[in-house]
Amino acid sequence: MNILLLSMPDSFEHMPSIAIRMPNGGLTSLAGNVDPHHQVAVADLILVQGRVRETVTRLVSELQPEVVGLSIMTFQRRSAGRIVELVRALKPDAKIVVGGYDPSLAPEAYEAWSVDYLVRGEGDVTFRDLLRAIEKGGSVDAIPGLSVHSANGWVHNPVRAPHKLEDGEVRLPKRDARVLKGYTMMGRQIDVVETSRGCTYDCSFCSIIEMRGRNFFTYSFDRVLDDIRDARDHGARTVFLVDDNIMLNVHRFEALCEAIIAAGLNEIDYFVQAMTSSIANHGEILAPLMKRAGFRYVFLGIENILEGDLEFLRASAKNQERKNGQEMGNATLKAIEYLHQHDMYVVGGLIVGNPGDTRESIEANLEFARRYVDWPYIQHPTPYPGTPMTKDFHKQGLIQIDRMEEYDGTTAVVRTEHLEAEEVEFLRWKAERWMKTRHIPAVLRHDPWFVLTQTPKMLAHTFRGSTIRSVLGLEDERRAFQRYKAIRREEREYV
Ligand code: B12
Ligand code: SF4
């Protein structure tokens, strides 16, 4: 069968598509796990953000897919709905399947859509089984993890247990299935690689636990190294390790760094998401090893520098520094110190706008980011479907916006007990633009051509809505912020 898999075009403030366009790892994993006789095409629509309709129309007409699959995050739901309508109009007999975080966590939102199947949780085996059933005209009743749109409404089959990755059940992703080009991380081709799935923490804002429960499964190093080689052979010079929590087993992560070095794969730049506690508590050994293995950017889930906010986010434990088993306090500064000592850059993940936040507590976090992080990745708490945080926000009546396309993490959709959502966003927006400019010299040293050719566009993006007058203080910055909000609203019309 011909199969077309699409990831959505929507991006958010910290991933401007001028500079960062990453492949969707889920879709290439699906492509690698279907039976080999199928023709699978993967199209990451982030690569054609300004030409979505034309591209989908062309692909459907060229490939004549019998099955079309869409991978959807919550803030991409509206675009996904429009793409489903387009595909339905172009090829009414195609079976349409939706999967990923949003369909898994909010299946009820898809009930009225013109889609045939919804895959909940990991899709590698569920999708393979579904294709087998469609091809043979067999029953889909016994496929765990699948929801089926029948004449009498939706039937939700039982959940599928998370895949045990060590046993080879999940095969390598198939990068050859990609039909669009242009993946980049500031001028260098980027790819994504998984080494594990899952996490055993339960931060209140994170969708991962609702998606798959609290568990942690790992791929063998042989498989991981093969995957990195495959990414490199397909042109990648930067690899993002997309594990939910790669630092959960620090000793395994150390061994992974050693394995990358031994395999000579350390000429690649690596980007990873890390827990501050792991880096702070093991930094002496870990940080120099990471540097040798090629790690360049480390996204630190700092979340917040204030204890009260960390408690609300249920993120205190993963931000705890320990010595000889004793709790020593917040691990953040220690972790940053280790990374900086070894010339790695800190992408500072902070969440501001929590229920108890005042102007002063938000400013304290912004000041921290200004002083210590190399690239700010400051977000607002966002009530994604099914998370404990969402329940809290509903209970407290703090949700101000329910338009899902605005749930992108940098649009404040909830208020605090003291500040309106829009005020929270204004504070972040005002501070963060300037922080981003400070990283230009570091990128210039690494990727001079990218900086020389793309800086005007990048600055125009970062400062969109601002004018010379507003930058010089001759115009109220709130007016510039309102212009930014209006531009952002227009940008969201991807389809
Ligand atoms: C890597 C990652 C990113 C990367 C790369 C994204 C990319 N291009 O793939 C970057 C850094 C860019 C990113 C950014 C964002 N991300 Co992100 N990201 C992740 C992360 C860590 C891993 C995702 C991954 O690759 N997993 C590995 C693959 C194999 O698994 P998978 O994608 O889940 O796919 C499987 C199933 O979902 C299913 N499936 C998926 N699609 C489909 C489609 C079909 C048809 C079928 C059948 C099955 C299926 O089968 C796949 C194979 O088993 C997750 C999870 C986490 N712990 O934080 C968050 C996560 C997905 N991101 C999230 C969010 C919110 C964002 C942002 C909006 C803001 C942010 N928090 O940073 C931005 C927006 C991105 C943008 N487009 O601009 C949320 C999504 C929540 C939600 N309910 O939608 C998550 C869950 C994190 C969280 N906060 O809880 N992200
Ligand atoms: S540690 Fe990371 S992956 Fe695990 S629950 Fe918290 S935010 Fe999610």
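Which are the buried residues of helix α13 (residues 388-396)? The close-up views below begin there.

This is a predicted model, in which local features need pLDDT of at least 70 and side-chain atom pairs count only at pLDDT 80 or more, while totals for chains, interfaces and linings use all residues. Residues are numbered from 1 along each chain as its sequence is written, chains are lettered from A and ligands numbered from 1 in the order in which they are written, and side-chain values use heavy atoms, with hydrogens and water left out.

**View 1. Helix α13 and its two faces.** Met389, Thr390 and Phe393 are the buried residues of this helix. They cover an arc of only 100° around the axis, which puts them on the same side of α13. The arc is that of the directions from the helix axis to the C-beta atoms. Buried means under 20% relative accessible area, exposed over 50%, and partly exposed in between (1.4 Å probe, protein chains only). Helices (H or I, at least four residues) and strands (E, at least two) are DSSP runs, numbered from the N terminus. Turned away from the buried side is a face with the exposed residues Lys391, His394 and Lys395. The cover over the buried residues of α13 includes α10 (307-312), where contact means heavy atoms within 4.5 Å. After α13 comes Gly397, with a positive phi near 65°.

**View 2. A nonpolar patch with Leu472.** Ile468, Leu472 and Leu474 make a nonpolar surface patch of about 360 Å². Patches are made of residues with over 30% relative accessible area and no salt bridge; like charges are joined within 9 Å, and nonpolar side chains (Val, Leu, Ile, Met, Phe, Trp, Tyr) within 5 Å. Accessible areas come from the Shrake-Rupley method with a 1.4 Å probe, and for residues only the protein chains shown count as cover. Look for Leu472 in the loop between α17 (468-471) and α18 (477-491). Leu472 is exposed, at 61% relative accessible area.

**View 3. The salt bridge of Arg175 and Asp191.** How many salt bridges does the structure hold? There are 41, a salt bridge being a side-chain nitrogen of Lys or Arg within 4 Å of a carboxyl oxygen of Asp or Glu. In one of them, the side chains of Arg175 and Asp191 meet at 2.9 Å, N to O. This pair links distant parts of the chain, 16 residues apart: Arg175 sits in the loop between β8 (153-156) and β9 (184-185), and Asp191 in strand β10 (residues 190-193). Arg175 is buried, with a relative accessible area of 5%, and Asp191 is buried as well, at 1%.

**View 4. A salt bridge within helix α7.** Here the side chains of Arg229 and Asp226 meet at 3.0 Å, N to O. The two are three residues apart in helix α7 (residues 221-233), so about one helical turn separates them. Arg229 is partly exposed at 29% relative accessibility, and Asp226 is partly exposed at 38%.

**View 5. Glu475 with Arg479, and a network.** In the salt bridge of Glu475 with Arg479, the closest N and O atoms are 4.0 Å apart. Are these partners buried or exposed? Glu475 counts as buried, at 12% relative accessibility, whereas Arg479 counts as exposed, at 55%. Salt bridges that share partners also join Glu13, Asp408, Arg464, Arg488, Glu491 and Arg492 into one network.

**View 6. Cys257 and its closest cysteine sulfur.** A search of the whole structure finds zero disulfides, a disulfide being a pair of cysteine sulfur atoms within 2.5 Å. For Cys257, the closest cysteine sulfur is in Cys199, 18 Å away and therefore too far for a bond. Cys257 is buried, at 0% relative accessibility, while Cys206 is partly exposed, at 26%.

**View 7. Asp244 and what it touches.** Asp244 lies in the loop between β13 (238-241) and α8 (250-262), and is partly exposed at 31% relative accessibility. Leaving out residues up to four places away in sequence, Asp244 touches Tyr101, Arg197, Gly198, Ile208 and Arg212. Asp244 and Thr195 are 49 residues apart in sequence, with 9.5 Å from C-alpha to C-alpha.

**View 8. Positive phi at Met186 and Asp343.** Met186, a residue other than glycine, has a positive phi near 50°. Met186 is in the loop between β9 and β10 and counts as buried, at 15% relative accessibility. Asp343 is not a glycine either, and its phi is positive, about 55°. Asp343 lies in the loop between α11 (332-341) and β18 (345-351) and is exposed, with a relative accessible area of 55%.
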